[in-house]
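Visitor: I'm new to this one and would rather look closely at one part than skim the whole thing. Could you pick a spot, start there and follow the charged residues outwards from it?

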Amino acid sequence: GLVGSEMCIRDSRKIGLERDLRRAFLKRELEVHYQPQFEIASGEVAGAEALLRWNHPTEGPVSPGEFIPLAEESGLIVEIGAWVVERVCEDLREILDRRMHPGSVSVNVSARQLRDAGFHDTVMDPIRRFGIHPPYMQLEVTETAVAQNRDTAIALLDSLRREGVRVAIDDFGTGYSSLSYLQQMPLDVIKVDKSFVDEIGNGVTSDNICRTVIRMAQGMGKKSIAEGVETREQLDFLRENGCDQAQGWYFSKALSKEAFFEFVEQQDLHTQRRKALEIL
Ligand code: C2E
Ligand code: MG
Ligand code: MG
């Protein structure tokens, strides 16, 4: 029937994509792009989130929402994830050598990567090799990913934080964790999930939920960053409610490495000019 054949098409696309993804990875067809993150109070670039991009030779751009789950299922995410850390360190080295200040770069980490103690060296080896100051590296993990590997994941994140690497929690408030569990998590930054940001302006209850998530971050003594900010209204609300940082299409989409470097360069020039004027 129709449902059966639709399922078949979906499965064969999936199998095809999985094979192509492996090939794309080996042929270095994946790219790391950077979405800038901003300090809400000053408007300055505070860092970026590294996001994978795959431009398929015939299908065109494939969304990470589609290919990351395939990479997770097949286990390829372990190799791809290690490669992303490597790329980010190399790019950071380059931008720092050009005397620019990008802030810390966040790298998304899948559950599968938190299962193996070897992940410590996967992160630290490139950091040392490229001579990166560890706080420039921030790992984004979800509550769910940590819960799936509880003991190993917490030990890993603890040891990486002791090295100076920072940890952000990506889907804060959307999982099933209890507050006491969240309090035990080794973390520095809480990301206010896009689903909460989307609800800003949709009534008193929605506003209160978003406000509560920001307050929780403050109460736990963590920095907060809102993701998926698309409107001026959302930004104003976040500022009024004490959220520290924001990222989203209101500011910028994810940029190629070159475009991100240019972005940071412009901002550094701007900051220098402003500081020069302050002195005058
Ligand atoms: P995420 O970590 O929650 O990343 C945020 C997603 O929201 C990104 O989608 C980003 O492009 C999108 N976004 C940012 N600002 C806006 C906005 O204002 N409006 C809207 N509608 N969307 C916005 P993207 O790049 O498609 O990535 C999807 C997910 O794929 C990520 O969600 C992350 O979980 C995963 N992912 C991406 N790169 C990697 C990676 O290197 N490793 C792993 N393990 N996962 C990755
Ligand atoms: Mg993320
Ligand atoms: Mg997110």
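**Starting from a negative patch**

Guide: Let's begin with E31, which lies in strand β1, residues 30-39. Keep in mind that this is a predicted model. E31 counts as partly exposed because its relative accessibility is 43%, which falls between the 20% limit for buried and the 50% limit for exposed. E31 also has company: together with E258, E262 and E265 it forms a negative surface patch. The element that gives the most to this patch is helix α11, spanning residues 257-279, with 3 residues.

Just before strand β1, have a look at R28, in the loop between α1 (2-26) and β1. Its phi is near 60°, a positive value in a residue other than glycine. That's worth a second glance because most residues other than glycine have a negative phi. You'll find another case at R99, where phi is near 65°, again positive in a residue other than glycine. R99 sits in the loop between α3 (77-97) and β4 (104-108). With 68% relative accessibility, R99 is over the 50% limit, so it counts as exposed.

Now back towards the helix that feeds the patch. In the loop between β9 (245-246) and α11 sits S252. At 7% relative accessibility, S252 is under the 20% limit, so it counts as buried. What does S252 touch, leaving aside its neighbours within four places in sequence? It is in contact with Q35, P36 and F263. Q35 and P36 fall within the 30-39 range of strand β1, while F263 falls within the 257-279 range of helix α11.

Strand and helix come up again when we turn to charged pairs. Side chains of opposite charge can pair when their charged atoms come close. How many salt bridges does the structure hold? The count is 24. One of them joins the side chains of E44 and R274, with 2.5 Å from N to O. E44 is in the loop between β1 and β2 (45-56) and R274 is in helix α11, so this pair ties together parts that are 230 residues apart in sequence. Both partners are partly exposed: E44 has a relative accessible area of 25%, and R274 has 33%.

A second pair is R128 with E163, whose closest N and O atoms are 3.1 Å apart. This one also links distant parts of the chain, 35 residues apart: R128 is in helix α4 (residues 119-129), and E163 is in the loop between α6 and β6. E163 is partly exposed, with a relative accessible area of 30%.

While we're in that loop, stop at V165, which is found between α6 (150-162) and β6 (166-172). V165 is buried because its relative accessible area, 1%, is under the 20% limit. Not counting residues up to four places away in sequence, V165 touches V123, M124, I127, P134, M137, L139, L160 and D188. Its C-alpha atom is 5.9 Å from that of Q138, although the two residues are 27 apart along the chain.

For a pair within one helix, try R232 and D236, whose side chains meet in a salt bridge at 3.2 Å, N to O. They are 4 residues apart in helix α10 (residues 232-240), so about one helical turn separates them. R232 is partly exposed at 48% relative accessibility, and so is D236 at 23%.

Next comes R211, in helix α9, residues 204-219. R211 touches F237 and N241, not counting residues up to four places away in sequence. F237 falls within the 232-240 range of helix α10. At 24% relative accessibility, R211 counts as partly exposed. For a sense of distance, the C-alpha atoms of R211 and E18 are separated by 41 Å, with their positions 193 residues apart along the chain.

Last stop: some salt bridges join up into a network, which links R87, E90, D91, E94, R98 and K257. K257 brings us back to where we began, since helix α11 covers residues 257-279 and gives the most to the negative patch.

Key: Residues are numbered from 1 along each chain as its sequence is written. Chains are lettered from A and ligands numbered from 1 in the order in which they are written. This is a predicted model: local features need pLDDT of at least 70, side-chain atom pairs count only at pLDDT 80 or more; totals for chains, interfaces and linings use all residues. Side-chain values use heavy atoms; hydrogens and water are left out. Patches are made of residues with over 30% relative accessible area and no salt bridge: like charges are joined within 9 Å, nonpolar side chains (Val, Leu, Ile, Met, Phe, Trp, Tyr) within 5 Å. Accessible areas come from the Shrake-Rupley method with a 1.4 Å probe; for residues, only the protein chains shown count as cover. A salt bridge is a side-chain nitrogen of Lys or Arg within 4 Å of a carboxyl oxygen of Asp or Glu. Lys and Arg count as positive and Asp and Glu as negative; His and the chain ends are not counted. The place of a charge is taken as NZ of Lys, CZ of Arg, CG of Asp or CD of Glu. Helices (H or I, at least four residues) and strands (E, at least two) are DSSP runs, numbered from the N terminus. Buried means under 20% relative accessible area, exposed over 50%, partly exposed in between (1.4 Å probe, protein chains only). Contact means heavy atoms within 4.5 Å.
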